[in-house]
Amino acid sequence: MSHVRKLAGLVLLPGLLSACAMLPQHLPKNAKVAPASAPVTPQGMATSNAWPQADWWRALHDRQLDHWVEQALANNPDLHAAGARVLAAQADVGLANARRLPHFNANLSFTQQYFSAQGLHLSANGTSNFFTSLNPLQIQYHVSLWGRDRALVQAARGEKEMAEAEQAQTRLLLSTAVVLHYSALLGDEQVLGKEQVLHRVQQRILALSTVAYRIGVGDATGMLQARLALAQSSKEIASLTAAIAAQRHALAALLGEGPCAKTLSTPRVQPLSLPQSELPKDLPLGLLARRPDIVAARWAAEAAAARVHAARAAFYPDLNLRLMAGWNSIHLADLFDPANFAHAVGPVLTLPIFEGGALRAQLRGQNAGFLAAQDAYQGQILAALRHVADVLSAWTKLRQQRAAQAQAVEAAQRQVRLTAGAWQSGTQPLLPILQSQVQYLRAQEANIRLETRSVQNWAMLESALGGGVLSMSQETTHGQ
C-alpha cells in the first residue's frame with residue numbers, strides 16, 4: 001500500500017508543479033554586472049605606499065588641517081547619518097539570514113470556553129471548560145528549494161555593502177570639502193595681508209599725487225587714478241574679509257559646530273605647499289575602482305540582480321517543515337497525563353497557482369529596478385571618467401599658469417629693485433618705486449591665488465580617484 005502511495009505522489013507532483021503561476025516569457029535581457037576591479041598601483045609609484053592614500057590630505061603636512069579633518073570625521077552629522085544607514089543595513093542582513101535558520105519557540109495558553117448545547121462537540125456540548133495547551137517545542141523550518149532565501153540574503157548583503165560604500169563616499173567628500181575650504185581660507189588670509197600692505201602703498205601714492213598736483217608738478221588725472229586705486233583696494237579688503245568669514249562658517253559646519261565656534265582659531269599664514277610628487281604618465285582605469293560612489297553603484301546593481309532572482313523563485317512551490325510536541329487537556333489537573341500528550345510533524349507545501357498577476361508585476365518591477373541600477377552603474381563610471389579628465393585638464397592648465405606667473409613675480413621684483421636703485425642714486429622720484437611695489441604686490445596676490453587653486457585642484461584629483469579608499473569588493477569577498 002505504501003508503494004502505491006509513493007507512486008501516486010510521483011505521478012501527481014508534475015501536475016502540482018505545472019499548476020503553479022507561470023513565469024512571464026518576455027522580460028528584458030540583462031548583462032551580468034561586472035565586479036569592480038581591485039585597486040591598481042600607477043606605474044612609477046612605490047607599491048609600499050600606493051597612491052592615492054586613505055589619509056591623502058596628510059601629504060600637505062599641515063597639523064591644523066589634520067586636526068580639523070579628524071574632527072570633521074568624528075562630529076559631522078551627515079557622516080553620522082551615513083553610519084546609521086550602515087547599521088540599519090546590517091540589521092537587514094541579520095533578518096534575511098534568520099529566514100534561513102530553523103525557528104524554535106514554546107507556547108502556553110489557557111482558554112475558558114462554553115460549548116453550545118446543540119454543537120458538534122458531543123460530550124462537551126452545553127458545558128463550560130477550561131482548556132489548557134502547553135507546547136514546549138515548536139519548530140518551523142523554511143526549505144528554500146529555489147534559492148529565494150539565499151537571493152534575499154545576497155540582496156541584503158549588497159545593500160549593506162552599498163551603504164558602507166556610501167558612508168565611505170560621504171567621508172571622502174567631507175575630507176575633500178575641509179581641504180578645499182581650509183586652503184581657500186589660508187589663501188584669502190595671505191591675499192588679505194598683501195592687500196593691506198598694498199593699501200598702505202596706495203595711500204602713500206595718493207598723498208604724493210595730491211602734493212604733486214597742489215604744487216603744480218602733477219595733473220589731476222594721476223590724483224584721481226590714485227583715489228580710484230585706493231577705493232578699489234578698500235573694496236578688495238572688504239571682499240576678502242567677508243570671504244574669510246564665509247570660509248570659517250563653512251568649516252565650522254563641516255566640523256559639526258556653530259559659526260561662532262572657538263575651535264576655529266586663526267590658521268597660520270604660511271601657505272600650503274603642494275606635494276612634489278608628479279602624476280604618473282598613465283593613470284590606469286582600475287584606479288576608478290577606488291571611488292566609493294562607483295562601488296556603491298555596483299553593489300546597488302548586485303542587490304537588484306539578487307532581488308530579481310528572489311522574485312523569480314516566488315513563482316515556484318514554497319515548502320515549510322513544522323514540528324509540534326506538547327500537552328492539551330480540558331482539565332488542568334490531568335494536563336500532564338501521558339494520554340494527553342500531542343504531537344504533529346509534517347511538511348506544508350504552498351502552491352502559488354493564481355495570484356491575480358501580483359507575482360508577474362513584482363518580477364517586472366524588480367527587473368526594471370535592476371535595469372535602472374545597471375544603467376546607473378554605467379553612468380557613474382562615465383561620470384567618473386569625465387570628472388577625472390576635467391580635473392587633469394585643469395591640473396595641466398594650472399601648471400602652465402603657475403610657471404608664467406612665477407616669471408611675472410620675478411620680473412616685478414626686478415622692477416622694484418631697479419626703481420629702488422634709481423631712487424637711491426637720485427635719478428628717479430619716489431612715485432615710480434611705489435607704483436612698482438603695487439605691481440609686485442598684485443603679482444604676488446595672483447601667485448597666491450594660483451597656488452591655492454593648485455592645492456584645491458590636487459585635492460579634487462585625489463578625491464576624483466577615490467581618495468585611497470580600499471576596494472570594498474575585496475573585503476566583501478572574504479566576508480561571503
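1. A good place to start is helix H6, which is mostly covered: of its 22 residues, 17 are buried. Its length also works out well. With 1.5 Å a residue, the helix at residues 292-313 should span 32 Å, and its end C-alpha atoms are indeed 32 Å apart, which agrees. Please keep in mind as you read that this is a predicted model.

2. Now for the whole chain. The protein holds nine helices and four strands. Following the sequence from its start, you will meet them in the pattern α-α-α-β-β-α-α-α-β-β-α-α-α. Of the 480 residues, 39% count as buried. Among contacts with a separation of 6 or more, 83% are between residues 24 or more positions apart.

3. Next, have a look at the strands. The four of them form an open sheet, ordered E1-E2-E3-E4, with antiparallel pairing. Which strands stand at the edges? They are E1 (103-114) and E4 (341-350); each has a single partner strand, so one side of each is left without a neighbour in the sheet. On average, and with direction ignored, neighbouring strands of this sheet are turned by 20° against each other.

4. How many bridges join E2 to E3? There are 10, linking residues 128-143 of E2 with residues 318-329 of E3, and the two strands run antiparallel. Two residues of E2 make handy landmarks, and the next two points take them in turn.

5. The first landmark is Ser133, which lies in strand E2. Is Ser133 buried or exposed? Its relative accessible area is 8%; buried means under 20%, so Ser133 is buried. The side chain of Ser133 makes a polar contact of 2.9 Å with the side chain of Asn328. Setting aside neighbours within four places in sequence, Ser133 is in contact with Asn107, Leu108 and Ser109, and also with Trp327 and Asn328.

6. The second landmark is Gln140, again in strand E2. Its relative accessibility is 35%, and Gln140 therefore counts as partly exposed. Across the pairing, Gln140 stands opposite Arg322 in E3. Not counting residues up to four places away in sequence, Gln140 touches Leu101, Pro102 and His103, together with Asn320, Leu321 and Arg322. Gln140 and Phe104 are 36 residues apart in sequence, yet their C-alpha atoms are 6.8 Å apart in space.

7. Back to the helices, and to a pair worth viewing together. Helix H2 (residues 63-75) packs against helix H4 (residues 148-214) at an angle of about 140°, and their axes are 10 Å apart. The crossing of H2 past H4 is right-handed. Which residues meet there? H2 brings Gln64, Leu65, Trp68, Val69, Ala72 and Leu73, while H4 brings Arg171, Leu174, Ser175, Val178, Val179, Tyr182 and Leu185. A reminder helps when reading such lists: an α-helix has 3.6 residues a turn, so residues three or four places apart point the same way.

8. Last comes helix H5, residues 220-254. What span should its 35 residues have at 1.5 Å a residue? The expected value is 51 Å, and the end C-alpha atoms are 51 Å apart, which agrees. After H5 comes Gly256, whose phi is positive, near 75°.

Definitions and conventions:
Residues numbered from 1 in each chain as written. Predicted model: local features only at pLDDT ≥ 70, side-chain atom pairs only at ≥ 80, totals over all residues. Heavy atoms only, no water. Pairing = 2+ DSSP bridges. Axes fitted to C-alpha atoms, helices over the stretch in contact; angles between N-to-C directions. Buried < 20%, exposed > 50% of the residue type's maximum accessible area, 1.4 Å probe, protein only. Polar contact = N/O pair within 3.5 Å; in protein donor to acceptor, adjacent residues only side chain to side chain. Contact = heavy atoms within 4.5 Å. Expected span 1.5 Å × (residues − 1). Left-handed = near helix turned anticlockwise from the far one by under 90°.
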